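Work through these short exercises with the model open beside you. Try each task before you read its solution.

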Amino acid sequence: MASNSSNISIIFLSFALSLLILFPVALSDEVTPPITNHRGHTLAGQLNIGILWYGPITNVQRKSILSFFRSLNTNAGPQPQVSSWWKVVESYGGGRIPVKVVNQVSDPNYSLGKVLIKDFIKMLLPKATAGKSNTVAVIIATKGVTVQDMCAGSCAQHGLIENQVYVAVGDPEEECPECAWPFLKTPGKPGPVVRPPSGDVGADAMVKLLAGGLAGVVTNPFGDGFYSTARGDVTVEASTKCPDTFAAVNGEKLSKFVLPAIWNPATSTCWTR
C-alpha cells in the first residue's frame with residue numbers, strides 16, 4: 001500500500017508540473033481588462049452551503065464534491081492546497097470565509113425533468129437551503145441533465161434569484177465535453193488530456209466547475225462586485241480571467257483536485273500554486 005501511495009504521489013506531482021508548464025500563468029491578462037470592484041458586495045463570514053443532488057449522483061461524484069468543500073478549510077498536508085486557492089478568493093473581501101455544508105437533499109428522479117432552465121432552478125433553490133437564511137444554494141445535476149447556458153457561454157451558473165444566491169453545475173461529460181477539459185479531448189484547447197485525480201471524469205469536472213462558481217459567488221454575488229468585461233458583454237470574473245489555466249492542488253486525506261486558476265488581485269497574476 002505504501003508503495004502504491006508513493007507512486008500515486010509521484011504521478012500527480014508530475015501531472016501538476018506538466019499543467020504549470022503547459023498552461024502559462026499570464027494567459028488571459030493580454031485579452032481582458034483588469035478585474036475591478038464595481039462598488040458592490042462580496043460575501044464574508046461563514047459560508048453556509050445547501051446542496052441539492054439532482055438525479056442519481058454517483059458515490060464517487062458525491063464523495064469528491066463533499067471532500068472539496070471540506071478541503072477549503074483544511075490546512076494540513078502538502079502544498080499547494082485547496083485552502084491556499086481559497087485564501088486567494090478570500091482576499092477579495094479581506095477576511096476569512098469558513099465553509100460549511102449545512103443541508104443536503106436528493107432528487108434522484110429528476111422531478112423537474114432533464115433540462116434545468118432558470119425557472120426550474122428557481123423552484124429547486126428552497127429545497128437546497130431547506131428554507132434556511134444566509135445559505136448558498138448549490139444544485140449539482142447528474143449526467144444527462146442540461147443546465148441552462150451550459151455550452152452557451154457558461155459552464156457553471158451562479159447568481160441571484162429573488163435574493164437567493166446560488167450555484168448550479170451539471171456533469172459536462174456528455175452534455176458539453178468542452179466544459180470537462182482538460183479531462184476530455186477538446187478541439188482548440190492547448191495541451192494533452194490528463195487523467196482525473198479521482199478516476200472519474202464527471203466527478204473532477206464538476207468539482208472544477210463548482211470551484212469556479214463558488215469563487216464567483218464570493219467575489220461577485222450580486223453582479224456588482226469584482227469583474228471585468230470582454231468582447232463587449234462577456235463578464236470575466238476571478239476564476240474565468242485565467243482560461244485554460246489550472247491549479248493542481250491537494251485536499252483532505254491525500255485527495256487531489258484540479259481547480260481553475262484564480263486571479264490574484266494582489267499580484268495581478270493567475271494563481272496556480
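**Exercise 1. Locate Pro 80 and describe the bond before it.**

Step 1. Pro 80 is placed in the loop between helix H2 (59–71) and helix H3 (82–90). Helices (H or I, at least four residues) and strands (E, at least two) are DSSP runs, numbered from the N terminus.

Step 2. The peptide bond joining Gln 79 and Pro 80 is cis, with omega about -5°.

Step 3. Before going on, note the ground rules. Residues are numbered from 1 along each chain as its sequence is written, and side-chain values use heavy atoms, with hydrogens and water left out. The model is predicted: local features need pLDDT of at least 70, side-chain atom pairs count only at pLDDT 80 or more, and totals for chains, interfaces and linings use all residues.

**Exercise 2. Find where Pro 182 lies and which residue a cis peptide bond joins it to.**

Step 1. Look in the loop between helix H5 (172–175) and helix H6 (201–219); Pro 182 is there.

Step 2. Its cis partner is Trp 181, and omega is about 15°.

Step 3. Most residues other than glycine have a negative phi, and most peptide bonds are trans.

**Exercise 3. Examine phi at Asp 244, Ser 268 and Ala 130.**

Step 1. Asp 244 sits in the loop between strand S10 (234–236) and strand S11 (246–250). Its phi is positive, near 60°, and Asp 244 is not a glycine.

Step 2. Ser 268 is in the loop between strand S13 (262–264) and strand S14 (269–271). Ser 268 is not a glycine either, yet its phi is positive, about 55°.

Step 3. Is Ser 268 buried, partly exposed or exposed? Buried means under 20% relative accessible area, exposed over 50%, partly exposed in between (1.4 Å probe, protein chains only). Ser 268 has 44%, so Ser 268 is partly exposed.

Step 4. Ala 130 comes just after H4 and has a positive phi of about 55°.

**Exercise 4. Check the span of helix H4 and find its buried side.**

Step 1. H4 covers residues 118–129, which is 12 residues.

Step 2. The expected span is 1.5 Å times one less than the number of residues. For H4 that gives 16 Å; the span from first C-alpha to last is 17 Å, close to it.

Step 3. The buried residues of H4 are Ile 121, Leu 124, Leu 125, Ala 128 and Thr 129. They span an arc of only 130° around the axis, so they lie on the same side of H4. The arc is that of the directions from the helix axis to the C-beta atoms.

**Exercise 5. Classify two aromatic pairs.**

Step 1. Rings of Phe, Tyr and Trp (its six-membered ring) pair if their centres lie within 6.5 Å; planes under 30 degrees apart count as stacked, over 60 as edge-to-face and the rest as tilted. This rule gives six aromatic pairs.

Step 2. Take Phe 68 and Phe 69: 5.7 Å between centres, 50° between planes, a tilted pair.

Step 3. Now Trp 85 and Trp 86. Their centres are 6.2 Å apart and their planes at 25°, so this pair is stacked. Both Trp 85 and Trp 86 are buried.

Step 4. Ring pairs also link Phe 68, Phe 69 and Phe 257 into a cluster.

**Exercise 6. Describe the surroundings of Thr 142.**

Step 1. Thr 142 lies in the loop between strand S5 (135–141) and strand S6 (146–147).

Step 2. Its relative accessibility is 5%, so Thr 142 counts as buried.

Step 3. Contact means heavy atoms within 4.5 Å. Leaving aside neighbours within four places in sequence, the contacts of Thr 142 include Tyr 54, Gly 55, Tyr 110 and Asp 171.
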